[in-house]
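Thank you all for coming. I would like to take a few minutes with one structure, beginning with a small detail and then moving outward to the fold around it.

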Amino acid sequence: MGDKITSKRLAGKAGVNTVPGVDGAVEHADHAVEIARQIGYPVMLKASAGGGGKGMRIARDDAECREGFARAASEARSSFGDERIFVEKFIERPRHIEIQVLADAHGNTLYLGERECSLQRRHQKVIEEAPSPFLDDATRRAMGEQAVALAQAVGYQSAGTVEFIVDQQRNFYFLEMNTRLQVEHPVTEFVTGLDLVELMIRIAAGEPLALTQSDVQPRGWAIETRVYAEDPLRGFLPSIGRLVRYMPPTEGPHVRVDSGAFEGGEVSMHYDPMIAKVITHGGSRLEAIAHMRRALNEFYIRGVANNLSFLSALVGHSTFEAGDISTDTIGELYPEGFHTDHVVHDEPGLLIAVAATIHRRYMDRAARISEQIPGYERRVSDDWVVVLDHQHHPVTAKLGASPTGCEVVVFDDAGPHTYEVQSLWQFGQPLFRGAINGRNVCVQVERRNMIYRLQHWGSTLDVRVLSKRAAELLATMPVKQAPDTSGTVLAPMPGLLLEFRVKPGDEVAIGSDLAVIEAMKMQNVVHAVRRGVVAKLRVGVGDTLAVDQPLLEYEA
């Protein structure tokens, strides 16, 4: 069942719904085009031994089919040592829903409900949840029964997953069977109360299952997000390096973190980019989402770029909250890619209050230290200007009667806004935890000279707290111009240069293929963003590249 071609044949024999397509291996690119024309575009080219989104390409015409075949086969050969590709019909706006099964050596097989895995990017799962907000009881039961029938038909023993794609009318089709424990198994554990790893071990030891289908009674809702070492603001390009700071959120009855990463550890370009997975549970879907938003807010990673801001934007998006999702959702929400304006903070006054409170405490500490100097006269101003996103916000910040309190008044065109801040935050702590106007908050904080970098709900803001005179002078400072790099093509990611598709003297158009870089088991094509003539190749095939390393130069 680990082979997609064989498993599809077996599923058909077991009476399981399958996607229209050809279940034999494709011989070459022209053969793929021939099959695609028979099935009808769009089609999906898939590696027979594939998984994790590797060796998969969607093709909507002959050109994409030929290119997709080459890339999918190459990725499959590199990742799995098996370059066989097959073709099947691509279902438009599908949902990806999978059924968790358990089977022992005594003929007992049951299903533990479903997991919704539709939020994907490049066919790689990003967010999973259980149960699915889309299925009704009849469809859930039918999918579970087909999954059980398939497991029984092949004599499966252990925990496994039967994956389906589901169209908008709740028609479902077999996708593949994962004969192993999957990354997202904790969401099933949360809602069923079962330990799948323990059950796998007991099955392997020859024990019969101690529960029946009627014993499986899911409760509540669970959500999992995958934290990746990739930069969402640079097209989700892989990121490598050392985890300078690594502080996962606090675990408890509603939050679980699975990770093999640790502070000081290195993220290499040779492996999958996943750093951790965060799983939350609640009595309802909205409760699980609320727990997830708080957990992501607390996750502190420095040293490598990561997708925490992207995850925060997704779980806070109205489309996700409504459960109206498909495998196309991420592309539909961010058709031009993910940018900083997708995580604009909706309450900047809160962040201004945090920055002013921290700055007030720093200034007060500096004054206490300076009091030890003979003749020093203590002077700490309460009046500053907070510069946030190039906007100047006059504030006053007065320490309260207790060492944990501060009153911050922010002035804007609508008048003064008062924030009562209570926090046990200490100097050097990366997380500012406290209550603002009675509401609990957690803001990530870095202090760099007089600049505070604040992260909250996925947004990142650099904040300056200045005297009024310093703010006036800052407004007169010239803006530094970025250097002109239009004549050089830079490596968009760290990785291995597999091939150049141009040579010196070639004329290229916008969108032309320039090079192929492999990073974290995925192959990425570098395209031209301007017209020009190639003057010089700066690196060689087989070289290990750093991010922004020059690849080639254009003629002036």
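How many residues apart in helix 12 are Arg469 and Glu472? Please keep in mind throughout that what we are looking at is a predicted model. The two residues sit 3 residues apart in helix 12, which covers residues 468-474, and this means that about one helical turn separates them. Arg469 and Glu472 form a salt bridge, in which the closest N and O atoms are 3.1 Å apart. As for their surroundings, Arg469 counts as exposed because its relative accessibility is 53%, above the 50% cut-off, while Glu472, with a relative accessible area of 47%, is partly exposed.

That pair is local, so to speak, and I would like to set two others beside it. Arg121 forms a salt bridge with Glu230, and here the closest N and O atoms are 3.1 Å apart. This pair links distant parts of the chain, since Arg121 belongs to strand 6 (residues 109-121) and Glu230 to strand 11 (residues 230-231), 109 residues apart. Arg121 and Glu230 are both buried.

The other pair is Arg531 with Glu507, a salt bridge whose closest N and O atoms are 3.6 Å apart. Arg531 lies in the loop between strand 31 (522-527) and strand 32 (532-537), whereas Glu507 lies in strand 29 (residues 507-508), so the salt bridge ties together parts that are 24 residues apart in sequence. Both of these residues, Arg531 and Glu507, are exposed. Elsewhere, salt bridges that share partners join Glu98, Arg115, Lys125, Glu128, Glu163, Glu184 and Arg226 into one network. The count for the model comes to 47 salt bridges.

Let me now turn to the barrel. It is a closed barrel of 8 strands, running 19-20-21-22-23-24-25-26 with antiparallel pairing, and neighbouring strands of this sheet are turned by 35° against each other on average, direction ignored. Strand 19 (residues 383-388) and strand 26 (residues 459-466) run antiparallel and are joined by 4 bridges; on strand 26, Val465 is the bridge partner of Val386.

Two helices lie across strands of this barrel, and I will take them in turn. Helix 11, residues 348-370, lies across strands 19, 20, 21, 22, 23, 24, 25 and 26, and runs at about 50° to strand 20. Helix 7, residues 285-298, lies across strand 23, strand 24 and strand 25, and runs at about 20° to strand 24.

Note on methods
Residues are numbered from 1 along each chain as its sequence is written. This is a predicted model: local features need pLDDT of at least 70, side-chain atom pairs count only at pLDDT 80 or more; totals for chains, interfaces and linings use all residues. Side-chain values use heavy atoms; hydrogens and water are left out. Two strands pair if DSSP finds at least two bridges between them. Axes are lines fitted to C-alpha atoms, for helices over the stretch in contact, and angles run from 0 to 180 degrees between N-to-C directions. Contact means heavy atoms within 4.5 Å. A salt bridge is a side-chain nitrogen of Lys or Arg within 4 Å of a carboxyl oxygen of Asp or Glu. Buried means under 20% relative accessible area, exposed over 50%, partly exposed in between (1.4 Å probe, protein chains only).
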